[in-house]
Amino acid sequence: MQLSQFVTDYDESLLGDTYIDPLGVLVIWSAFGGHVFRNRVNSISNDVRNYTLNLMNHRIIRDLIDDDSLVVSKALENAIGDKHSLSFRQACLIYLENLFSYSLISADGAAGVETGGILGGSKGRKALEESKGNPELVLSHTKDAHLLVRQLSLGVSGRYKTPFMEIGFFDTHYHYHLPESDGLWARADQLFRNSDRLRAVYDAARTHLASLINASTTKASSPPRDSFDAVPPSLKKAYQDAFASPGRVGAETRAFWLELTGLDHGAAGALLSELNEHAADDGEVRLADEQLFRLAEKRCIKLGDDDAVRMIQHILTLEPLLAEVDLLFKLSLHRRNQRMAEVEALWRGMARDETTLPMLAVRIREFSSVLGAIKGTAAARLEKLLQAASLETVEEQLRALLEYHAGVMRSRGQFPWVATKSADLIQVEARTQPLPDKDKRAPGSWVNRYYLPQFRNLVDGFRGVTA
């Protein structure tokens with residue numbers, strides 16, 4: 001699949017964490033983490049229950065679209081679009097997501113039901129309380145149907161859209177009949193057939209949504225509305241049984257998702273093997289991120305998987321520099337006003353000197369494929385950080401780093417957190433920060449995690465471990 005037709009260069013104005021990424025390195029480390037985990041796992045798509053729910057919702061909609069006996073009335077078409085429109089798909093996705101959320105939240109406290117990680121959970125509880133347990137469900141793609149703010153992008157379908165596109169289930173407009181997708185949907189059908197719980201949800205949810213569409217006599221200005229009480233109790237119970245927890249879902253879908261995502265192969269597969277090998281009885285893996293990556297590197301070397309070795313070595317080579325520039329920047333935030341020499345003294349007190357950054361920059365330059373592995377904003381920013389790190393003195397490195405930071409903030413339409421005010425004076429315009437703990441920031445320590453915690457969360461679901 002050629003993603004270039006619908007994926008543009010990084011746009012950090014679309015992200016919600018730009019205020020906690022003052023050096024703009026998220027776009028750098030996330031690119032390398034994306035390589036390792038094949039863009040299947042990230043900060044917003046890492047829950048096996050939501051992965052499976054999204055698959056089921058799209059399979060139901062695909063089935064309804066292909067069902068010639070299901071006719072969308074002209075009135076309903078005016079409200080949410082015809083059966084082949086994007087708005088129709090979006091309306092069905094919103095409805096099914098909300099139905100799932102209310103079904104699980106209404107069973108909060110029941111044995112085995114875990115509501116943590118359910119998108120829209122807090123708002124769903126509030127809606128249930130305010131409606132005395134009978135909230136309204138709206139079949140629409142518009143805001144009045146949303147349980148979540150910007151649900152089309154922040155709900156289940158939005159958060160898991162990219163992994164599903166890259167696997168090949170559909171394109172950016174949810175076209176389900178792609179050259180490579182028929183086999184994928186056939187595997188999904190087999191998954192649902194082989195699980196009594198999942199099949200019960202699928203059949204009941206499809207029947208319910210089809211009946212709502214068939215029964216609709218909606219006027220153009222008013223989409224179909226349904227009360228939660230009107231939903232068959234058997235359907236709610238089916239959701240509660242099948243999707244009670246990530247662990248329950250993962251136990252039934254582990255092999256399916258590992259095969260389709262490819263996360264049991266290559267660099268991700270090596271990390272998965274290490275996580276499994278070093279998991280304690282409680283499922284916890286008590287190894288630092290760097291240790292896991294180095295163990296995975298050795299495993300890939302033994303397997304002769306050069307591509308996987310290179311992906312892991314990119315991160316092992318890159319992260320020391322990103323961690324050190326992060327430390328230097330944090331030292332500049334220690335007091336409202338500081339002299340350059342004072343920041344340098346703090347830097348030396350943390351067992352660093354003028355050679356620390358240049359040596360790390362040289363390692364990256366010498367490993368030429370690191371720079372070749374990324375492009376666009378990520379490549380441009382890494383290059384600027386390398387230039388700053390390659391300067392001879394700590395003062396020059398700090399000054400260049402602050403200039404780089406100011407450029408990142410300007411690109412966001414924001415003010416720098418800290419800036420030079422004279423030849424040797426810097427001033428913090430944001431909150432000052434305490435000095436980092438020297439023991440926790442020893443030379444070589446990591447600060448960025450390359451989606452390993454999210455991968456662990458997904459794996460914990462597969463193992464039946466409560467997050």
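Two residues are in contact here when they have heavy atoms within 4.5 Å of each other. Keep that in mind as we walk through this predicted model.

Let's start with F37. Leaving aside residues up to four places away in sequence, F37 touches L263, A268, L271, Y450, Y451, L452 and F455. F37 also belongs to the largest nonpolar core, a group of 140 residues. Along with I28, L55, Y239, F243 and F455, F37 is among the residues with the most contacts inside that core. And which helix gives the most to this core? That's α15, with 13 residues.

So now look at α15 itself, which covers residues 306-332, and at α14, residues 289-303. The two helices pack with their axes 9 Å apart, at an angle of about 155 degrees. Angles over 145 degrees count as roughly antiparallel, so that's how α14 and α15 run relative to each other. Their crossing is left-handed. On the α14 side, the residues that meet α15 are E290, F293, R294, A296, E297, C300 and I301, while α15 brings A308, V309, I312, Q313, I315 and L316. Sorted by class, this contact has nine nonpolar, three charged and one polar residue.

For a last stop, find R89 in helix α4, residues 86-105. Is R89 buried or exposed? Its relative accessibility is 6%, and anything under 20% counts as buried, so R89 is buried. Its neighbours, again skipping residues up to four places away in sequence, are I61, I65, K83, H84, H173, Y174, H175 and Y176. You can also pair R89 with H141: they sit 52 residues apart along the chain, with 8.3 Å between their C-alpha atoms.

Methods. Residues numbered from 1 in each chain as written. Predicted model: local features only at pLDDT ≥ 70, side-chain atom pairs only at ≥ 80, totals over all residues. Heavy atoms only, no water. Axes fitted to C-alpha atoms, helices over the stretch in contact; angles between N-to-C directions. Helix = DSSP H or I, 4+ residues; strand = E, 2+ residues; numbered from the N terminus. Parallel < 35°, antiparallel > 145°, perpendicular 65-115°, else oblique. Left-handed = near helix turned anticlockwise from the far one by under 90°. Nonpolar A, V, L, I, M, F, W, Y, C, P; charged D, E, K, R; others polar. Core = buried A, V, L, I, M, F, W, Y, C linked by side-chain atoms within 4.5 Å. Buried < 20%, exposed > 50% of the residue type's maximum accessible area, 1.4 Å probe, protein only.
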